[in-house]
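Biologist: Please take a close look at the metal site of this model. I should also like to see how that part is set within the chains.

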Amino acid sequence: MADETTRLATAAGPDGTTDVPEHLRRELEEAFERTVGSEGRVEPRDWMPEGYRKTLIRQVAQHAHSEIIGMQPEGNWILRAPSLRRKAILLAKVQDEAGHGLYLYSATETLGVDRGELTAKLISSKQKYSSIFNYPTLTFADIGVIGWLVDGAAICNQVPLCRSSYGPYARAMVRICKEESFHQRQGFELLRTLMAGTEAQRAMVQDAVDRWWWPSLMMFGPADGDSPNTQQSMAWRIKRHTNDELRQRYVDMSVPQAEALGVTFPDPELRWNAERGSYDFGAIDWDEFTAVVKGAGPCNAQRLAHRRAAHENGQWVRDAASAYAAKQEARRREGVAA
Amino acid sequence: MSDDVTAHVEGDPAQDLGTGVPQARWPLYEVFVRGKRGLNHVHVGSLHAPDDTMALHNARNLYTRRNEGVSIWVVRGDAITASSPDEKDPFFAPAGDKVYRHPTFYDIPDSVPHL
Ligand SMILES: [Fe+2]
Ligand SMILES: [Fe+2]
């Protein structure tokens, strides 16, 4: 456990590896490949290839940013929740997402980056977050659909990552997955309640499903043919299945749930394929995906502006806490001296 | 945009409150939680905080939102001394060749009870 701790002080470090002689480097590489290949875990102060470290930092940071930005579309409904029960649930859910972000930032720090640096990269658009959060939440039914479909897709993506080769990432994912189940179930329950309501409420649910279904399929990332890094990431065991495999699994899980709920997905080509033992589904609009990733989604600018404002407006709180800590420390020293 | 009708945005984002103030980096704390009485504290993750008390409060909020613990330790990362992964083999070698420290080293007939 302590190896995670002293990394900053003593780690061979991101660049400490450059002056390793060639033959030793090959030995290290082979040891690394052996560990990863035999389902072993890489721990923070182990030697690792630079590419592995960089890819992990990018992947985990992007994941952390998604949890943090993901608080916004739902957070906007906390004040408008229709009952105290729904408000308490939504508050707990959004607080969990903040926690997920922090578990993951904590994991990235074991790789030798500073989380302040990652926040700076997020608010200056140098690092990305999941595109799904660039879509607006228009009604309270969206809260239910986000829990059911968006958290559902996240679970699909994340459960295999509990076996990621990088120890701190895998452990963070175990913790996160335990909490996600509540997120999905509260969403589904919310929708079931609405479906048992009036005609207008049922229509509200269907409308929300219509708007979120395709973006949720895009959460799994580009089609395998357009995802050049997948093979390397799979070899490194920091990704366990391809995007298309996970997407298919998600579709297959979601269709019976939609039937149980009494809603349909907006895809005329969605049908059971007995031969494949899976559902066929229509083509994803990859132009929309690319546009939203590049910043043209309905809420990209707003999400970032809000995150930046929260960071900047919180500066005085951080400063006050630092000043208080410094004062206490000075007093303690004076007390010791006297 | 449309979903933010009641939403916050307190203050003007263009207002640059953050700059000019050198941001001292808060120290890193490692967090250990005792899941329930009778178990050891186990490392669960880390966080940053300006002082020990805040670290403890933040750890409570971050790592025990669902009764995951009855006790928390926070320890400044720079206060922990760890073995180095490079000296893995020699460092743990003294334990390697002392098989007689294990009960299975000793041959006792099966017929002898409770041993
Ligand atoms: Fe989450
Ligand atoms: Fe979630």
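Modeller: The answer starts at the metal site and then moves outwards through the helices to the chains as wholes.

The model is predicted, and the description should be read accordingly. The iron ion (ligand 2) is held by oxygen donors from Glu97(A), Asp151(A) and Glu180(A), together with the ND1 atom of His183(A). Glu180(A) appears twice in the list of donors, each time through an OE atom, and the coordination distances run from 2.0 to 2.8 Å. Read along the chain, these donors are spaced as E-x53-D-x28-E-x2-H. Glu97(A) has a further role in the geometry, as this residue bridges the iron ion (ligand 2) and the iron ion (ligand 1). The two ions lie 3.3 Å apart. Glu97(A) belongs to helix α6 (residues 84-109) of chain A and Glu180(A) to helix α9 (residues 167-195) of chain A, so that this pair, 83 residues apart, links distant parts of the chain. Both Glu97(A) and Glu180(A) are buried.

The surroundings of helix α9 can be described through its contact with another helix of chain A. Helix α8 (residues 141-158) and α9(A) pack with their axes 7 Å apart, at an angle of about 150 degrees. The crossing of α8(A) past α9(A) is left-handed. In composition, the residues of this contact comprise 12 nonpolar, 9 polar and 2 charged ones.

The cysteines deserve a separate remark. How many disulfides does a search of the whole structure find over all chains? The search finds 0. For Cys177(A), the reason is distance: the closest cysteine sulfur, that of Cys162(A), is 3.7 Å from its own sulfur, which is too far for a bond, since a disulfide requires the two sulfur atoms to be within 2.5 Å. Cys177(A) has a relative accessibility of 15% and counts as buried. Cys299(A) is buried as well, with a relative accessible area of 0%.

Several other buried positions in helices of chain A show how parts of the chain are placed relative to one another. Glu67(A) lies in helix α4 of chain A and is buried, its relative accessible area being 7%. The C-alpha atom of Glu67(A) is 9.0 Å from that of Asp96(A), although 29 residues separate the two along the chain. Tyr250(A), in helix α12 (residues 243-261) of chain A, is buried at 1% relative accessibility. Between the C-alpha atoms of Tyr250(A) and Ala154(A) the separation is 9.7 Å, with their positions 96 residues apart in the sequence numbering. Val209(A) is part of helix α10 (residues 199-218) of chain A, and this valine is buried with a relative accessible area of 0%. The C-alpha atoms of Val209(A) and Val20(A) are 55 Å apart in space and 189 residues apart along the chain.

These positions belong to a chain with 15 helices and 2 strands. The C-alpha trace of chain A spans about 75 × 55 × 35 Å along its principal axes. Its radius of gyration is 22 Å, in agreement with the value near 20 Å for a compact globule of 338 residues. Buried residues account for 53% of chain A.

Chain B has its own make-up, with 2 helices and 3 strands, arranged along the sequence as β-β-α-β-α. Of its 115 residues, 25% are buried.

Two backbone positions, one in each chain, complete the picture. Most residues other than glycine have a negative phi, and for this reason positive values are pointed out. Glu39(A) has a phi near 65 degrees, a positive value in a residue other than glycine. This glutamate sits in the loop between α3 (22-37) and α4 (50-69) of chain A and is partly exposed, at 36% relative accessible area. In chain B, His114(B) also has a positive phi, of about 55 degrees, without being a glycine. His114(B) is placed in the segment after α2 (88-96) of chain B, and with a relative accessible area of 84% this histidine is exposed.

To return to the part that was requested, the iron ion (ligand 2) takes its donors from Glu97(A), Asp151(A), Glu180(A) and His183(A), and Glu97(A) bridges this ion and the iron ion (ligand 1).

How values were computed: Residues are numbered from 1 along each chain as its sequence is written. Chains are lettered from A and ligands numbered from 1 in the order in which they are written. This is a predicted model: local features need pLDDT of at least 70, side-chain atom pairs count only at pLDDT 80 or more; totals for chains, interfaces and linings use all residues. Side-chain values use heavy atoms; hydrogens and water are left out. Buried means under 20% relative accessible area, exposed over 50%, partly exposed in between (1.4 Å probe, protein chains only). Donors are N, O and S atoms within 2.8 Å of the metal (3.2 Å for Na, K and Ca); water is not among the atoms, so sites may look incomplete. Helices (H or I, at least four residues) and strands (E, at least two) are DSSP runs, numbered from the N terminus. Axes are lines fitted to C-alpha atoms, for helices over the stretch in contact, and angles run from 0 to 180 degrees between N-to-C directions. A crossing is left-handed if the near helix is turned anticlockwise from the far one by less than a right angle, and right-handed if clockwise. Ala, Val, Leu, Ile, Met, Phe, Trp, Tyr, Cys and Pro count as nonpolar, Asp, Glu, Lys and Arg as charged, and the others, Gly among them, as polar. The radius of gyration is taken over C-alpha atoms; the globule rule is 2.2 Å times the number of residues to the power 0.38.
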